[in-house]
Amino acid sequence: MHPLDIVQALLYGVVYGSIYALAASGFALTLGVMQIVNFAHGHFIVVAGFLSLLLFRLWAVDPFVSIAATVPLAFVLGAAIYSLVLKHVVMESHHTQIIVTLGIGLIIENLLLLAFGGDLRLASTWYTSRTLRLSGLALSVPKIVAAVLAVATVALLWAMLRYTKLGKAIRASTDNWQAATLMGIDVRRVRLYAFGLSAVTAAVAGSSLPTFYLLSPFSGIEFLLKAFAIVVIGGVEDVRGVIVGGLLLGLLEAAAGMLFSAALGAAFTFAVVLVFLAWRPSGLLGHA
Amino acid sequence: MFQVRRLPNAGTAVLTATLVVVMLALPALLNSYYLTLAVSAGLWAYLSLCWNLSGGYAGLFSFGHTAFFAAGAYTSTLLYTELAVSPWLGMFAGAGMGALLALIIAVLAVRYRIRGMYFSLATVAVVEILRPVLDTWSSVGGSTGILLPLLNSPGNMLFTQRAYYYYVIVGLVAVAILVTWMIARSRLGYYAIAIREDETAAEVSGVPSARVKRQMLAISAALTAIGGTFYAQFYLFIQPEIVLGWDPQMQMILGTMVGGPGTVAGPVVGSLAFSILTEVLQLLPIGWSPEIAAIVMRLIWGVVLVAVMLYLPGGLLGMSIHARKRAPVARA
């Protein structure tokens, strides 16, 4: 294999890794902050993708521009799902949460099927097949844009959690919600906002997909498994863990795709996840 | 306080006898379309019963039971197509393969303390590894799968009349109910429930949790694998995309959780409720195409699942059992 091909494949590994990191950040946020396992998180991503596809088809709105619409919508929908359903299972076992969110995922998936059918869909914009040529490398423009956007969003999330009042309240509620309550933090509102935020990250990820990624209503489970794998690799305690996990997963997939076929590459990735589950269950950045 | 084990009273006996007669007479009353439905409903009930032993009783919330299902389907089918071994025997070889796989998973999960949702993820990972491997493994059919011949050969569990499949699956459901009933009343069952409720507390109280987990997962897996053999013999076609798909796994969990995890009859009630609901939906004179009806049905599954978990966390049967348990306390 030509060395340039290897560089190219690894670069795409980084590109996909960044997007995976964004996809996992919301999943990690709800898991870390509220101890809620959201098995519908992948479906949240897919819903945003289909909304962007719809806006593109109806009014030719560029999917990346449509983020301005999907983000507020995602916040409202996320908050609604939280207050209607998940609020009631915050204190329940993870098993209960998994089943409830599987149910929500089933509802979303089949609503999308009713509305759009089961075909794979892509938004063919003028730049969908454009590539950026860089000393022998050819990089797809929409993938680069999506990766940059993903990195920026995850960085923004990290800064928000670290420096803003809401972010500090979220972190305080993670560490010790009783103490946070005593300090005058409205933990219930913080949880609502955190869940809304998680849906927002899903919306950014979902809306940046349709220009280069074939989406179907069934894609939800695929993103959920990736998010889960990243959380296992990187840990949930810090947004930085998601970045490490996402990049590692992206690079692993790229490397495995080169060494084996794409299909066996997926098997290899899950084998690595199993190794991490056994070796470092709280992730690379988590406390041992 | 010790509970006096009640003997089945006359009412229960009459009810059971009626049920058995109706079940046995059913093929004579149904046309082939409804008989096929009855067989698939039976298989769903059977698989839910199997999953219930692991997810409902032992708290081993596996998302990888399709791996055991596939182990059974592939073992017996390959033994039959390659070596002409009757699936009646191959089914036990498949059960052995399923149990072996389960033992490996259980031993590793105990050794590395993979519990709760991480156990769920680990079992998903096993399926996600197996599927591409089987997909690319051309000598076991690869992604195109394996076809079984359509012929009448009772010695090889192949029938041209649906009624025979019906009796086989009814027998399997009866066995699964019996196994569940026996485990629920045994030391193993009580240990399993103790682990499910609080693993650390159970260990401190002297429950050999590693052994109990191994046994429960292995029994559940062996039975699930037999379901895989039945699937292959009934549908005459297996393929990694289908037997290792997300759908059979969801159905096992759905039937159990809605009916009542950790109860003997819950998985049967839950899965039958879904089967009947599905059929009623397709009969409704709304003019839905079968595809749309299937989507609407799955939409309703989702709603039912959320509603049951929020309002009847113990499932349909869990509720009535709790109500009965509380009654004597209120009277005392």
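In this short talk I will go through the two chains of this model, then the interface between them, and finally a few single residues. Please keep in mind throughout that what you have in front of you is a predicted model.

Let me begin with chain A. There are 11 helices and two strands in this chain, and if you follow the elements from the N terminus, you pass four helices, then the two strands, and then the remaining helices, in the order α-α-α-α-β-β-α-α-α-α-α-α-α. For its overall dimensions, the C-alpha trace of chain A spans about 60 × 45 × 35 Å along its principal axes. A compact globule of 288 residues would have a radius of gyration near 19 Å, and chain A has 19 Å, so the two agree.

Turning to how chain A is packed, 55% of its 288 residues count as buried. If we take the contacts in chain A with a separation of 6 or more positions, 75% of them are accounted for by residues 24 or more positions apart. The area that chain A exposes is about 12,200 Å², and 69% of that is supplied by carbon and sulfur atoms. As for charge, chain A carries 16 positive and 11 negative side chains, with the centres of the two sets lying 8 Å apart.

Now to chain B, whose secondary structure comes to 14 helices and two strands. Its radius of gyration is 20 Å, close to the 20 Å that the globule rule gives for 332 residues, so chain B is as compact as a globular protein of that length. The C-alpha trace of chain B spans about 65 × 50 × 40 Å along its principal axes.

In chain B, buried residues make up 49% of the 332 residues. Among the contacts in this chain between residues at least 6 apart in sequence, 78% join residues that are at least 24 apart. Chain B exposes about 15,700 Å², with carbon and sulfur atoms supplying 69% of that area. It has 18 positive and 11 negative side chains, and here the centres of the two sets lie 17 Å apart.

How do the two chains meet? On one side there are 37 residues of chain A, and these are in contact with 36 residues of chain B. The size of an interface is often given as the accessible area lost when the parts come together. Between chain A and chain B the buried area is about 3,200 Å², and carbon and sulfur atoms give 87% of it. On the chain A side, A:H95, A:I99 and A:L106 supply 19% of the area that chain A buries against chain B, which is more than any other three residues supply.

I would like to finish with some individual positions, starting with B:I226, which is found in helix 9, residues 209-235, of chain B. Is this residue buried or exposed? Its relative accessibility is 11%, and because the limit for a buried residue is under 20%, B:I226 counts as buried. Not counting residues up to four places away in sequence, B:I226 touches B:Y46, B:M91, B:A95 and B:L172. B:I226 and B:G90 are 136 residues apart in sequence, yet their C-alpha atoms are 9.2 Å apart in space.

In chain A, the residue to look at is A:Y193, which sits in helix 8, residues 187-207. With a relative accessible area of 29%, A:Y193 is partly exposed. Leaving aside its neighbours within four places in sequence, A:Y193 is in contact with A:F75 and A:L166. A:Y193 and A:A179 are 14 residues apart in sequence, and the distance between their C-alpha atoms is 19 Å.

Lastly, there are two alanines in loops, one in each chain. A:A60 lies in the loop between helix 2 (41-59) and helix 3 (67-84) of chain A, and it has a positive phi of about 55° although it is not a glycine. At 58% relative accessibility, A:A60 counts as exposed. In chain B, B:A84 lies in the loop between helix 3 (65-83) and helix 4 (87-111), and this residue, which is not a glycine, has a positive phi of about 55°. B:A84 also counts as exposed, with a relative accessibility of 60%.

How values were computed. Residues numbered from 1 in each chain as written. Chains lettered and ligands numbered in written order. Predicted model: local features only at pLDDT ≥ 70, side-chain atom pairs only at ≥ 80, totals over all residues. Heavy atoms only, no water. Rg over C-alpha atoms; globule rule 2.2 N^0.38 Å. Buried < 20%, exposed > 50% of the residue type's maximum accessible area, 1.4 Å probe, protein only. Contact = heavy atoms within 4.5 Å. Areas by Shrake-Rupley, 256 points an atom, 1.4 Å probe, with all protein chains shown as cover. Lys, Arg positive; Asp, Glu negative; His and termini not counted. Charge placed at Lys NZ, Arg CZ, Asp CG, Glu CD. Buried area = accessible area lost by both parts, 1.4 Å probe.
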